[in-house]
Amino acid sequence: AIETLALALAATGDKVEARRQFQAAVRYSGFNGSALMRIAQQQVLLEDYANARKTLLKASQSGLPAKTATNALVRLDIQLKHYDAALARIKELENTDDAALGHLLMGELLLAQGQAENAISAFKIATEMNPNTQTILGLFDAIDASGRRPEAIEMLENWTAAHPDDSEAKRKLALWYLPLQQLDKSEALFEELLPGDPADPVLLSNLARIYQLKGDERARILAERAVAARPNWPVALDTLGWILATEGDSEAGLEYLRQASARSDNPLTRYHLAQ
């Protein structure tokens with residue numbers, strides 16, 4: 001009940017009270033590992049990182065598989081730039097059955113520290129030991145960070161061709177086609193993914209942008225669905241606002257663009273508002 005109350009408070013924007021209630025929920029959860037992991041995830045979303053770390057440490061002492069909490073703890077330490085703490089936990093995985101996870105996390109740590117080439121080596125080892133979506137996407141990010149984007153794109157194209165059910169990899173590829181101006185390829189992937197998750201605001205918003213660029217009248221409908229799915233998301237608000245403005249409905253467009261600008265300092269949103 002307390003966890004549900006905290007979720008409701010977070011949804012209404014009362015972050016201070018939501019954080020307090022999540023801390024109370026941690027106390028009442030005892031050593032229920034799954035509950036603690038859920039709470040820690042919400043604490044991270046609320047940027048309550050110190051308490052999220054404490055919650056994860058408690059989760060690591062529960063009956064969960066050791067790697068579950070370790071995985072989350074390392075990623076949080078990397079996010080907080082606690083690199084030494086992250087490295088210490090990664091090394092604990094070296095000679096265990098979770099060695100592949102250790103190499104994956106090492107790749108993420110090295111990439112966060114700007115060591116793209118070393119990260120590539122770590123991700124390649126992880127991929128050889130346990131090829132999956134996480135290792136492939138990590139390798140993609142490292143290769144791209146090293147300045148070899150065409151190679152990264154080709155690798156991900158080969159992976160998705162061999163693993164047609166990997167929707168997460170396809171989503172990544174569709175998003176990266178956009179800055180390359182490969183709109184047809186991006187559109188095809190987004191249209192393939194949307195039926196599997198028709199209320200996903202990311203899919204809806206990006207596909208709406210592509211339709212707008214191509215003069216497709218379906219753009220506005222998808223943008224409206226994106227805002228309905230996630231009303232306070234600046235990207236969806238910006239997308240709908242810009243579509244309305246370019247269709248001649250300046251008053252309605254300005255309202256959405258102002259809402260987007262109030263929630264984000266994205267330069268593209270500010271440009272659309274200025275226009």
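This report looks at two loop residues, the nonpolar cores and one helix in a predicted model.

Let's start with the backbone. Two residues that aren't glycine have positive phi: lysine 81, near 65 degrees, and glutamine 181, at about 60 degrees. Each sits in a loop between two helices, with lysine 81 linking up with H5 and H6 and glutamine 181 with H11 and H12. Here they are side by side.

| Residue | Phi | Loop between | Relative accessibility |
|---|---|---|---|
| Lysine 81 | near 65 degrees | H5 (66-79) and H6 (83-91) | 61% |
| Glutamine 181 | about 60 degrees | H11 (167-177) and H12 (183-193) | 60% |

Lysine 81 counts as exposed because its 61% is over the 50% cut-off. Glutamine 181, at 60%, is exposed as well.

Now for the inside. The largest nonpolar core takes in 56 residues, and Phe140, Leu156, Phe190 and Leu222 have the most contacts within it. Leaving aside residues up to four places away in sequence, Phe190 touches Ala174, Leu175, Leu178, Leu203, Asn206, Leu207 and Ile210. Another core lies apart from that one, with 17 residues that include Ala18, Val26, Ala40 and Leu76. In soluble globular proteins, nonpolar side chains do tend to be buried together.

Helix H4, residues 49-59, has two sides worth a look. Its buried residues are Asn51, Ala52, Thr55, Leu56, Lys58 and Ala59. These span an arc of only 155 degrees around the axis, so they fall on the same side of H4. Ala50 and Lys54 are on the other side, and they are exposed. An α-helix has 3.6 residues a turn, so residues three or four places apart point the same way.

Terms used: Residues are numbered from 1 along each chain as its sequence is written. This is a predicted model: local features need pLDDT of at least 70, side-chain atom pairs count only at pLDDT 80 or more; totals for chains, interfaces and linings use all residues. Side-chain values use heavy atoms; hydrogens and water are left out. Helices (H or I, at least four residues) and strands (E, at least two) are DSSP runs, numbered from the N terminus. Buried means under 20% relative accessible area, exposed over 50%, partly exposed in between (1.4 Å probe, protein chains only). A nonpolar core is a set of buried Ala, Val, Leu, Ile, Met, Phe, Trp, Tyr and Cys residues joined through side-chain atoms within 4.5 Å. Contact means heavy atoms within 4.5 Å. The arc is that of the directions from the helix axis to the C-beta atoms.
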